[in-house]
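Me: I should like to go through this model and ask, term by term, on what grounds each description rests. Please set each value against its criterion before concluding.

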Amino acid sequence: MSREDGLLRAYLDHELPPGEHAALDAHLATCRVCQSRLEELAAQATLVGNRLAILEPTGAEVAPSARQAWAHLQHRVAAMRRAEFTWRERLDTTMTKLFTGRWRPVLVGLAALVLIVTLFSLEPVQVAANQFLGVFRVRKFAVISLDPAQVQRLRDLEASVGASQGFPFGETKTLKEPGKPQMVASVDEARAYSGFPVRLPGLLPPGVDGPPVLRVQDAGAGQMTVDRAKAQALLDAIGRSDLQIPAALDGATIEFTFPKSVIADYSGPVGLHLIQVPGPSVNLPPGVDLAQLGEIGLQAVGMSRDEARRMAGAIDWHNTLVIPLPSDMASFQEVSVDGVTGILISTRPQANRRSQVSHSLMWAKNGIVYNLTGRSDPANLLAAANSLK
Amino acid sequence: MTASEALLLQRFWQGDQASFEALFLTHYPRVYAILFRLVGTREEAEDLAQDVFVQLYRHPLHPSREHNLAAWLYRVAMNLGYNALRSERRLATRRAALAGESNAEAQPASFPDPAAETMRAEERAQVQAVLSQLPPQQAQLLLLRQAGLSYRELAEVLGVAPGSVGTLLARAERAFAAVWEKRSGT
């Protein structure tokens, strides 16, 4: 169809700028070909318009009053707020869950990780420079603050897809089911079973009683094949319909492995929970540009384009586990721990909440990722972390 | 977007619920009307229109950037509407609802004649079937234009250049007419 058809069509709708409209008027007065074409387009527009008019709401189908609809929306918003409070109560266990020895949280944790790091983009221009299998292995951490509204949306999304359905943006296959954690009697047994040097704190914070209950969680592995339509639906669902998933990503397969992990649970009034695991890894298909994926992922979790670009440029995506943290529920800071730089995450005290403030340390050393969580104050938690042996 | 709307968006960003209410009352009727054309039942169009504003509530548009709120709302409405249509479950519900409404139990005052209403339901189903055979962008363009959006708004919602709307519209209308003719002829 020629561009002239477009001009004539816009002319019919009085959508041309005044100058162009007048010029076309003058042209039509003398050009029979264009006149005839205009008539054809007008007839076609009328025919289609008449057919489509049947879709208009009439009678009882006409919108309820906006006031009524507003009242309904207020109910929904109030329910959302209540659900958000419930979720805040659950936050205390969120950090623990990230590395806990159950498959579902592993899946959710990795879903968050993959969502942020690898999901949304394959930039064709980058392919030439990246014709190798990218391997992502956790060695460092970065925390990003999440807009609470976005957290709610992600939470809803998690609820709507359910754990059994796995990733909401593609088909998943469990390559290796990790099974239930096995209790072991000693550090030596944990070491023998897990295959890596297991460490425990030599110094326990006040209010924490030893010895710990030790469990070893077997390794797990899975694979996800990206379904572009589902991923786009996910973006729509979290309110980022403006982000587009490139067609090239459709069908891409991402493999992830979660090695054997060791969990140590201490009792006592403030409790202590230590998880150690060799860095989980994610194998990416050829040509994936992690920084660009990260940039889109960061936008998906609520950052502006500029913020996402700045942040994505500053992160070493091949080695960094990005932890999304709701800004109103927890704070974080970099700390020196166990001789390396780690992250201390602290839940914010919530008004009228029964839950107490808890702190969680995350760091990686010699290829092992550690997560130590408890209700001790940060200084005592750090002292325990620094006493690992 | 008007200056006052920009101000409302800014206030809403800062947490002012009254501004959100004002934005809702302004835009809800058209969002609903667009969704009704797409999904064909009042109940589902109401639900989806609510979802659109829930998205806005949870994800306020940042005031430092220039936004066309109407275009944003219509785009989200289209996405949600198409997602709903794609869902088998919703589709089944929709068919059942359409069948139910065609039994004239819902709106006796407007459609006292059951035969006329049945015919209307059939016509609607036919138009929707034709739209479903068009590429999504063409179907959306036709629906949104029919709902009264300007070329500028259409360009924003669909992410195309304003100068190309006439061409795209003419093309979509031709495609619609061709599919219609083909269906009628068979």
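Me: Why is N366(A) called exposed?
Reply: In this predicted model, N366(A) has 10 other C-beta atoms within 10 Å. The term exposed applies at 12 or fewer, so N366(A) qualifies. The residue sits in the loop between β14 (359–365) and β15 (368–374) of chain A.

Me: What is the phi of N366(A), and what makes the value worth a remark?
Reply: Phi of N366(A) is near 50°, which is positive although the residue is not glycine. Most residues other than glycine have a negative phi.

Me: Which loop holds H14(A), and is H14(A) buried or exposed?
Reply: H14(A) belongs to the loop between α1 and α2 (18–30) of chain A. Its count is 10 other C-beta atoms within 10 Å; since exposed means 12 or fewer, H14(A) is exposed. Its phi, near 55°, is likewise a positive value in a residue other than glycine.

Me: Why is A177(B) described as partly exposed?
Reply: A177(B) has 17 other C-beta atoms within 10 Å. A residue is buried at 20 or more and exposed at 12 or fewer, so with a count of 17 A177(B) falls in between and is partly exposed.

Me: Where does A177(B) lie, and with which residues is A177(B) in contact, leaving aside its neighbours within four places in sequence?
Reply: A177(B) is in helix α9 of chain B. Its contacts, with those neighbours left out, are Q44(A), L47(A) and V48(A). Within chain B, its C-alpha atom is 9.0 Å from that of V130(B), and 47 residues separate the two in sequence.

Me: How do you know that the length of helix α9 of chain B agrees with what is expected?
Reply: The helix has 21 residues, 165–185, and at 1.5 Å a residue it should span 30 Å. The expected span uses one less than the number of residues. The end C-alpha atoms are 30 Å apart, so the two values agree.

Me: Which residues of α9(B) are buried?
Reply: They are V165(B), G166(B), T167(B), L168(B), L169(B), A170(B), A172(B), E173(B) and F176(B). Over chain B, buried residues make up 40% of the 186 residues.

Me: How many residues does each chain bring to the contact?
Reply: Chain A contributes 43 residues and chain B contributes 50. On chain A, α1 (3–12), α3 (32–52), α4 (66–91), α8 (148–161) and α10 (228–237) each supply at least two residues of the side that touches chain B. The most come from α3(A), with 8 residues. By class, this side of chain A has 21 nonpolar, 11 polar and 11 charged residues.

Me: Which members of the largest nonpolar core touch the most other members?
Reply: Of its 64 residues, I34(B), L35(B), A49(B), V52(B) and A77(B) do so. Helix α2 (residues 17–39) of chain B supplies the largest share, 12 residues. Setting aside neighbours within four places in sequence, L35(B) is in contact with A45(B), L48(B), A49(B), A77(B) and G81(B). Another core, of 31 residues, lies apart from the largest and includes Y266(A), A330(A), L372(A) and A384(A).

Me: What makes strand β8 (residues 261–267) of chain A largely enclosed?
Reply: Of its 7 residues, 5 are buried, so the strand is largely enclosed by the rest of the structure.

Me: Which strands pair with β8(A)?
Reply: Strand β5 (residues 209–217) of chain A pairs with β8(A) in the antiparallel sense over 6 bridges, and D209(A) has S267(A) of β8(A) as its bridge partner. Strand β9 (residues 272–278) of chain A is joined to β8(A) by 5 bridges, also antiparallel, with A264(A) opposite L274(A). β8(A) and β9(A) form a hairpin with 4 residues between them, and G268(A) in the turn has a positive phi of about 110°.

Me: What secondary structure does chain B have, and what is its mean pLDDT?
Reply: Chain B has 9 helices and 0 strands. Its mean pLDDT is 83, and 82% of its residues reach 70 or more. Over residues 103–110 of chain B, however, the pLDDT is below 50. The model scores ipTM 0.82 and pTM 0.48.

Key
Residues are numbered from 1 along each chain as its sequence is written. Chains are lettered from A and ligands numbered from 1 in the order in which they are written. This is a predicted model: local features need pLDDT of at least 70, side-chain atom pairs count only at pLDDT 80 or more; totals for chains, interfaces and linings use all residues. pLDDT is the predictor's confidence in each residue, from 0 to 100. Two residues are in contact if their C-beta atoms, placed from the backbone, lie within 7 Å. Ala, Val, Leu, Ile, Met, Phe, Trp, Tyr, Cys and Pro count as nonpolar, Asp, Glu, Lys and Arg as charged, and the others, Gly among them, as polar. A nonpolar core is a set of buried Ala, Val, Leu, Ile, Met, Phe, Trp, Tyr and Cys residues joined through C-beta atoms within 7 Å. Two strands pair if DSSP finds at least two bridges between them.
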